[in-house]
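Colleague: I have this model open next to the sequence and would like to go through it with you. Could you take me round it, beginning with the pockets?

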Amino acid sequence: MPSGLHLHRAPRVEPLADALAHVLRAPASDDAFAPDVVIASGRALERLVRLHVAQQVGVCANVRVVSPSTWFAGTLARLLGLEPAEVQAWEAEPLAWAVH
């Protein structure tokens with residue numbers, strides 16, 4: 001399966017978790033030790049997604065669940081060749097106003 005960004009939208013979490021389980025059934029890359037990265041907005045959603053995937057696939061392992069801001073900062077740092085500390089300057093806490 002080709003790697004990259006897969007975007008799914010739904011008004012409820014169950015169809016999203018079903019789509020995630022379907023995507024996670026196939027290896028994302030040739031590297032068996034590379035984790036699959038899933039973006040979730042909170043810890044409760046992370047737990048729900050992990051449980052749903054485990055029910056659908058049998059196990060939920062080697063899945064890294066991150067917040068949208070963490071994923072964006074890591075992607076930005078990788079694309080621009082910056083250190084993660086340089087990207088953290090754009091997080092909400094150092095700014096005088098929040099970026100949404």
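Modeller: Gladly, and please keep in mind that this is a predicted model. The largest pocket has a volume of about 1,300 Å³.

Colleague: Which residues are closest to the centre of that pocket?

Modeller: The lining of the largest pocket is made up of 43 residues, and those closest to the centre are Gly4, His6, Val37, Val38 and Ile39. As for the elements, α1, β1 (36–39), α2, β2 and α3 (68–80) are the ones that each give two or more residues to this lining.

Colleague: And which element gives the largest share of the lining?

Modeller: That is α1, which contributes seven residues to the lining of the largest pocket.

Colleague: How do the lining residues divide into nonpolar, polar and charged?

Modeller: In the lining of the largest pocket, 27 residues are nonpolar, ten are polar and six are charged.

Colleague: Let me step back for a moment. What does the secondary structure of the chain come to?

Modeller: The chain has four helices and two strands, and reading along the sequence you meet them in the pattern α-β-α-β-α-α.

Colleague: How much of the chain counts as buried?

Modeller: The chain has 100 residues, and 20% of them count as buried. The area that the chain exposes is about 7,700 Å², with 59% of it supplied by carbon and sulfur atoms. If you look at contacts with a separation of 6 or more, 66% of them are accounted for by residues 24 or more positions apart.

Colleague: Which residues make up the largest nonpolar core?

Modeller: There are nine of them in all, namely Leu20, Ala21, Leu24, Val38, Ala40, Val49, Val53, Val63 and Val65. At least two residues of this core come from each of α1 (13–24), α2 (43–57) and β2 (63–66), and α1 gives the most, with three residues. As a general point, nonpolar side chains in soluble globular proteins tend to be buried together.

Colleague: Take leucine 24 from that set. What does leucine 24 touch?

Modeller: Once residues up to four places away in sequence are set aside, leucine 24 touches Asp36, Val53 and Val63.

Colleague: I was also looking at alanine 17. Is alanine 17 buried or exposed?

Modeller: Alanine 17 is in helix α1, and because its relative accessible area is 2%, it counts as buried. Not counting residues up to four places away in sequence, alanine 17 touches His52 and Val53. Alanine 17 and leucine 51 are 34 residues apart along the chain, and their C-alpha atoms are separated by 9.3 Å.

Colleague: Now a charged residue. Why does glutamate 46 count as buried?

Modeller: Glutamate 46, which lies in helix α2, has a relative accessible area of 12%, so it counts as buried, the cut-off being under 20%. Leaving aside neighbours within four places in sequence, glutamate 46 is in contact with Ala40 and Val65.

Colleague: One more, then. Where is threonine 70 found?

Modeller: Threonine 70 is found in helix α3. Because its relative accessibility is 41%, threonine 70 counts as partly exposed. Measuring tools in your viewer aside, the model places threonine 70 and isoleucine 39 8.9 Å apart in space, C-alpha to C-alpha, with their positions 31 residues apart in sequence terms.

Conventions: Residues are numbered from 1 along each chain as its sequence is written. This is a predicted model: local features need pLDDT of at least 70, side-chain atom pairs count only at pLDDT 80 or more; totals for chains, interfaces and linings use all residues. Side-chain values use heavy atoms; hydrogens and water are left out. Buried means under 20% relative accessible area, exposed over 50%, partly exposed in between (1.4 Å probe, protein chains only). Contact means heavy atoms within 4.5 Å. Accessible areas come from the Shrake-Rupley method with a 1.4 Å probe; for residues, only the protein chains shown count as cover. A nonpolar core is a set of buried Ala, Val, Leu, Ile, Met, Phe, Trp, Tyr and Cys residues joined through side-chain atoms within 4.5 Å. On a 1 Å grid over the protein atoms alone, a cavity is a set of points where a 1.4 Å probe fits but cannot get out, and a pocket is an open set with protein on both sides within 12 Å along at least five of seven lines; lining residues have an atom within 4 Å of a point. Grid points are joined across faces, edges and corners, and a volume is the space filled by probe spheres set on the points. Ala, Val, Leu, Ile, Met, Phe, Trp, Tyr, Cys and Pro count as nonpolar, Asp, Glu, Lys and Arg as charged, and the others, Gly among them, as polar.
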